[in-house]
Structures are given as structure tokens and as C-alpha cells.
Amino acid sequence: MSDWIAVFEAANSLEAHTLKGALESRGMAVLLKGEALSGALGELPMDAACVTLLVKMPHWQRAREFVRAYQQQDGCPWRCDRCGEENGARFEVCWHCGSVPEDTQG
Ligand SMILES: [Zn+2]
């Protein structure tokens, strides 16, 4: 199976898992490459030098846009009113629950 495409290189395992969870919550399957397969699920191997995130080809563009926004967090992050998740400045909607900041509808 070679239809996995690298979309991001995380600096460490924690970042990789953060992005993996975020992408998976949006319906995109994520494969981590470069991480030591220790078999221990509870603890993250923090000594991994670099972890590559791979996604399926149909998801690549969405995933790429997501990680690019993640990388461009050069403004003030905002916290979602609905779920309390912290979002990067470039996120127009909460990546976690999809609600918009200062939501006036309803
Ligand atoms: Zn939210």
C-alpha cells in the first residue's frame, strides 16, 4: 500500500500525536512514520527525533491546509467557547468542534 502521502514533519512525538488526533477527529486517517514502535500505548516516546505524518491521498489537500494553518500560528490563539479547545490564530473555526468564535447564531 503506497497511497499514504507525507503531509507534515513533526518536531517530536507529542506534536505528531496532537496533529494526528486533530486530523482524525476531522475524519482523516493518519499514519505516523519514524516513531519507535515500542508497543507501549500509554507513554509517548519523547526521544524520537522526527515523526512524519502521512495521510491518504484523497485527504492530503485538507490535511495540508490544516497543518499549514497549524504552522502559521503567529497571532493570538483563541479559546473555543463551546468546547474550550485552544485554536491557532489562523483558524476561523474551532478545529475540534467546528464552532466559530463569537458565535451569534442560535
Ligand atoms: Zn470547539
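1. Ser99 is a convenient place to start: at 6% relative accessibility this residue counts as buried, where buried means under 20% relative accessible area, exposed over 50%, and partly exposed in between (1.4 Å probe, protein chains only). Ser99 sits in the segment after strand 5. Strands here are DSSP runs of E with at least two residues and helices are runs of H or I with at least four, both numbered from the N terminus.

2. A word on the source. This is a predicted model, in which local features need pLDDT of at least 70 and side-chain atom pairs count only at pLDDT 80 or more, while totals for chains, interfaces and linings use all residues. Residues are numbered from 1 along each chain as its sequence is written, and side-chain values use heavy atoms, with hydrogens and water left out.

3. The overall layout comes next. The protein chain has two helices and five strands, and from the N terminus on the elements run β-α-β-β-α-β-β. Of the 106 residues in the protein chain, 31% are buried. Among contacts (heavy atoms within 4.5 Å) with a separation of 6 or more, 50% are between residues 24 or more positions apart.

4. The zinc ion is held by the SG atoms of Cys80, Cys83, Cys94 and Cys97, at 2.3 Å. Donors are N, O and S atoms within 2.8 Å of the metal (3.2 Å for Na, K and Ca), and sites may look incomplete because water is not among the atoms. In sequence, the donor residues follow the spacing C-x2-C-x10-C-x2-C. Cys83 belongs to the loop between strand 4 (78-79) and strand 5 (86-87), and Cys94 to the segment after strand 5, so this pair ties together parts that are 11 residues apart in sequence.

5. What is the geometry of the zinc site? The site is tetrahedral, with angles of 103 to 115 degrees among the four donor atoms. Four donors earn that label if all angles lie between 85 and 135 degrees. For reference, the ideal angle for four tetrahedral donors is 109.5 degrees.

6. The exposure of three zinc donors can be listed. Cys94 is buried, at 1% relative accessibility. Cys83 is partly exposed at 32%, and Cys97 is partly exposed at 28%. A search of the whole structure for disulfides, meaning pairs of cysteine sulfur atoms within 2.5 Å, finds zero.

7. Ser99 can now be placed against these cysteines. Leaving aside neighbours within four places in sequence, Ser99 is in contact with Trp78, Cys80, Arg82, Val93 and Cys94; of these, Cys80 and Cys94 are zinc donors. Ser99 and Cys83 are 16 residues apart in sequence, with their C-alpha atoms 8.7 Å apart in space.

8. Pro101 also lies in the segment after strand 5. At 34% relative accessibility, Pro101 is partly exposed. Outside its neighbours within four places in sequence, Pro101 is in contact with Trp78 and Glu92; Trp78 is also among the contacts of Ser99. From C-alpha to C-alpha, Pro101 and Phe91 are 9.7 Å apart, and 10 residues separate them in sequence.

9. Which residues touch the most other members of the largest nonpolar core? They are Val7, Phe8, Leu23, Leu53 and Phe66, in a core of 22 residues. Such a core is a set of buried Ala, Val, Leu, Ile, Met, Phe, Trp, Tyr and Cys residues joined through side-chain atoms within 4.5 Å. Two or more residues come from each of strand 1 (4-10), helix 1 (13-25), strand 2 (30-33), strand 3 (51-56) and helix 2 (60-71). Domain 1 (4-71) and domain 2 (76-106) each give at least three residues to this core, the bounds coming from an automatic or database domain assignment.

10. Val7, one of those core residues, is in contact with Leu53, Val55, Trp60, Ala63, Arg64 and Val67, not counting neighbours within four places in sequence.

11. Two residues in the N-terminal part deserve a look for their partners. Asn12, in the loop between strand 1 and helix 1, is partly exposed at 27%. The C-alpha atoms of Asn12 and Cys50 are 5.4 Å apart, although the two are 38 residues apart along the chain. Glu15, in helix 1, is buried at 18% relative accessibility. Glu15 touches Phe8, Ala10 and Tyr70, leaving out residues up to four places away in sequence. Between the C-alpha atoms of Glu15 and Val51, 36 residues apart along the chain, the separation is 8.7 Å.

Conventions: Four donors count as tetrahedral if all angles lie between 85 and 135 degrees; four count as square planar and six as octahedral if opposite donors are over 155 degrees apart and all others between 65 and 115; anything else is irregular.
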